[in-house]
There are 2 protein chains.
Amino acid sequence: MIDVEELRDCYTKTSTKMVLLVADGLGGLAHPDTGKSELETANIPNLDALAQKSACGVTTPVLPGVAPGSGPGHLALFGYDPLKHQIGRGALEALGIEVDLQPGDVATRGNFCLVDSEGLLVDRRADRIPTEFSAPICERLDRIQIPGVQLDVFSVQDYRFVLRLRGEGLSELVTETDPQVTGAKALEVKAIKPEAQKTADIVNEFVKQAAQLMAEEERANMLLLRGFAQLPSLPAMGEVYRLDPAAIAAYPMYRGLATVAGMNVIPTGKNFAAEMDTLRANWDKHDFFFIHYKPADAAGEDGDFDAKVRCLEELDPFIPDILELGPDVLMVAGDHSTPAIMAAHSWHPVPFMLHSKLTKGEGVPTFDERACALGSIGSIPATSVMVMGLSHAGKMTKFGP
Amino acid sequence: MIDVEELRDCYTKTSTKMVLLVADGLGGLAHPDTGKSELETANIPNLDALAQKSACGVTTPVLPGVAPGSGPGHLALFGYDPLKHQIGRGALEALGIEVDLQPGDVATRGNFCLVDSEGLLVDRRADRIPTEFSAPICERLDRIQIPGVQLDVFSVQDYRFVLRLRGEGLSELVTETDPQVTGAKALEVKAIKPEAQKTADIVNEFVKQAAQLMAEEERANMLLLRGFAQLPSLPAMGEVYRLDPAAIAAYPMYRGLATVAGMNVIPTGKNFAAEMDTLRANWDKHDFFFIHYKPADAAGEDGDFDAKVRCLEELDPFIPDILELGPDVLMVAGDHSTPAIMAAHSWHPVPFMLHSKLTKGEGVPTFDERACALGSIGSIPATSVMVMGLSHAGKMTKFGP
């Protein structure tokens with residue numbers, strides 16, 4: 001259930017248009033030398049100018065102190081309580097390489113590994129063999145056939161792959177095969193609940209056949225499976241909010257997350273300029289656009305403060321382009337903070353701004369962590385972002401008589 | 001269940017150390033003559049300096065507008081939803097005088113009272129007889145024996161005592177004997193649910209025998225019982241958070257609350273200086289310390305603004321002593337506000353600061369209600385304090401893939 005589904009009666013269809021720009025890993029922390037965060041350091045005149053005429057605030061993705069992964073970070077922005085709707089690791093990995101994942105499918109992460117003659121683990125990651133070695137093995141494993149199920153193996157990168165099971169009566173409620181230590185054997189998959197026995201039997205048979213196929217490989221003669229997961233079943237955003245929502249994202253994982261939320265994913269190019277072209281070309285076809293900007297998060301995760309500053313500066317000139325389309329509501333948000341000094345996702349509240357014809361003159365002077373924290377929106381859960389946008393777009397009637 | 005128990009997979013064991021300093025009744029309100037609160041009035045250079053290099057915010061103990069007792073105020077800081085986990089009055093009274101209370105025991109508050117020859121209440125508090133009169137009566141009542149249960153009576157103060165029932169199959173679900181008005185008889189205890197019938201029968205028999213034993217007393221010839229309560233069953237902090245938590249508190253009630261949360265209670269002395277000695281002596285033995293400072297709350301409850309200011313000033317010099325131990329995270333929090341002008345616990349948000357190597361440069365100029373409200377943490381539920389601390393101590397992995 002969507003977190004705000006109890007407001008279902010308030011959502012109303014109008015012709016107004018909304019844009020939710022998600023700058024991945026938007027928030028940051030002060031550089032120790034300057035005392036200024038990435039946003040405070042960056043030269044972002046368009047974002048600052050927009051903040052001045054927007055309603056500003058900060059969002060908490062999950063709970064104070066909780067650093068989210070990309071899955072919960074985005075689901076929250078789409079309005080789904082990320083504590084209730086969890087996307088398992090295998091499913092997210094599949095979405096990340098654009099594996100077609102349907103309701104009922106089970107996906108799991110796979111690692112190639114090395115075992116000795118007695119089957120004891122020598123290297124859990126098979127010396128991180130490069131994709132050129134692992135991809136052909138994936139192709140061979142992909143040909144394994146087991147009655148009652150369709151099995152597909154997809155190469156991810158290096159020693160990693162995704163196994164997808166498709167068929168009737170599958171379940172994610174099975175244990176993993178990775179014993180987490182070397183010197184031990186890969187574990188058998190066990191059903192956590194009786195209805196998962198079919199899945200457990202299929203996976204065990206797959207592992208057995210795979211081990212035979214790989215027995216002669218020198219660097220990777222076995223595999224480990226973990227993070228069995230099915231897609232969560234979410235009410236579609238379009239249906240709940242009475243929108244015709246579209247997603248534009250250069251990276252597969254975010255297209256996947258948009259699909260989970262029931263958005264229409266529009267094919268686009270490899271970077272944000274291409275995404276902007278897609279937005280312009282499809283402006284008349286939808287009333288809600290989720291558009292995703294990835295580079296700031298990647299720089300933050302690399303721990304590269306200056307690169308993150310540059311990525312924010314590179315986003316800035318696109319703001320007038322979006323405004324030129326005339327959205328009734330433009331929201332700039334982040335799925336979580338990624339402070340370069342932590343080189344990781346963090347729990348820190350994320351700057352947020354919402355521009356509409358109702359928000360003139362209530363803004364803050366600059367678009368950054370400190371300024372937004374003092375904005376008129378205050379501190380809100382990320383799950384409230386959609387409702388804020390819908391309200392400002394005139395797409396919500398009042399709650400209660 | 002702990003409020004944040006669904007984050008269980010995120011907690012991770014590390015060698016970092018955390019200190020949670022709870023200044024009881026920390027928050028206050030402005031003095032009508034000066035417009036400044038106790039914290040704003042106090043000369044607290046060490047707390048102010050710490051605020052400047054900490055992340056600051058305010059905590060809401062239960063809900064906006066709700067003034068908590070000591071029980072919910074502390075349980076919230078330990079991460080337990082105080083609305084879900086309630087400690088009954090009898091159990092808290094028992095903890096407050098350090099009665100050993102085990103799961104299954106039932107404790108209740110007792111009042112000595114005076115009845116006339118027909119058993120009608122003349123004085124519900126027995127003229128508030130001093131402890132020197134009531135303690136010997138408690139000793140006599142303590143000798144009452146009833147088959148199937150162990151009964152113990154503990155003197156509290158003046159006309160108040162605690163009755164503890166220990167044995168199989170006891171229940172807190174019984175009615176009270178206090179009719180709340182004079183001129184009425186003490187009520188019989190009744191079982192609220194059938195499984196409490198044994199407890200009701202035992203208590204009624206106890207009251208009957210006690211009345212006979214006290215019949216000749218001139219000032220206190222009867223007793224009233226209310227607030228029957230068992231300890232709530234909480235998941236232990238150590239197990240949930242993967243910590244080895246210790247509690248240092250000069251006052252029994254806070255040691256009791258720490259025990260309820262599964263902390264190791266370290267014996268200590270009668271004041272905060274003794275608590276600090278205990279902290280130093282045990283620094284190597286635990287990775288989480290709850291240390292409790294009582295005087296500010298006591299002064300606030302007395303309605304003595306100047307005394308509360310002094311108590312805050314007396315806490316201040318200990319801050320460098322704590323920092324000298326090198327905690328990875330130091331949090332200064334309060335279980336609730338106790339504004340001297342109200343002479344009572346209040347609902348006002350409580351100043352909070354968290355210092356770690358990640359919080360340089362994001363602080364506020366002073367440690368008080370107004371400044372902290374503008375800090376980077378913003379306004380958070382008190383139940384998020386532990387998660388905030390764990391995150392900053394590197395003891396939490398991200399939530400979700």
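This briefing describes the overall build of chain A, its two domains, and its relation to chain B. The model is predicted. Chain A has 401 residues, of which 55% count as buried, and chain A is divided into two domains, numbered 1 and 2. Chain A can be superposed on chain B with an RMSD of 0.2 Å, and 29 residues of chain A are in contact with 21 residues of chain B.

**Overall build of chain A**

- The secondary structure of chain A comprises 14 helices and 13 strands.
- Along its principal axes, the C-alpha trace of chain A extends over about 70 × 55 × 35 Å.
- The radius of gyration of chain A is 23 Å, which agrees with the value near 21 Å for a compact globule of 401 residues.
- Among contacts in chain A with a separation of 6 or more, 72% involve residues 24 or more positions apart.

**Domains of chain A**

- Domain 1 of chain A is made of two segments, 5-87 and 233-392, while domain 2 of chain A covers 92-229.
- The centres of domain 1 and domain 2 of chain A, taken over C-alpha atoms, are separated by 35 Å.
- Eight residues from domain 1 of chain A and seven residues from domain 2 of chain A take part in the contact between these domains.
- On the side of domain 1 of chain A that touches domain 2 of chain A, helix H8 (residues 252-260) gives the most, with five residues.
- That side of domain 1 of chain A consists of four nonpolar residues, three polar residues and one charged residue.

**Relation between chains A and B**

- A turn of 126° with a shift of 0.2 Å along the axis lays chain A on chain B.
- The two copies are therefore related as by a three-fold rotation axis.
- The copies use different surfaces, in that 7% of the contact residues of chain A recur in chain B.

**Side of chain A that touches chain B**

- The contact between the chains takes 29 residues from chain A and 21 residues from chain B.
- Three helices of chain A, namely H3 (70-77), H4 (89-96) and H13 (369-373), each supply at least two residues of the side that touches chain B.
- By class, this side of chain A holds 20 nonpolar, seven polar and two charged residues.

Key
Residues numbered from 1 in each chain as written. Chains lettered and ligands numbered in written order. Predicted model: local features only at pLDDT ≥ 70, side-chain atom pairs only at ≥ 80, totals over all residues. Domains from an automatic or database assignment. Contact = placed C-beta atoms within 7 Å. Helix = DSSP H or I, 4+ residues; strand = E, 2+ residues; numbered from the N terminus. Nonpolar A, V, L, I, M, F, W, Y, C, P; charged D, E, K, R; others polar. Least-squares fit on C-alpha atoms with pLDDT ≥ 70 in both. Rg over C-alpha atoms; globule rule 2.2 N^0.38 Å. Buried ≥ 20, exposed ≤ 12 C-beta atoms within 10 Å, placed from the backbone.
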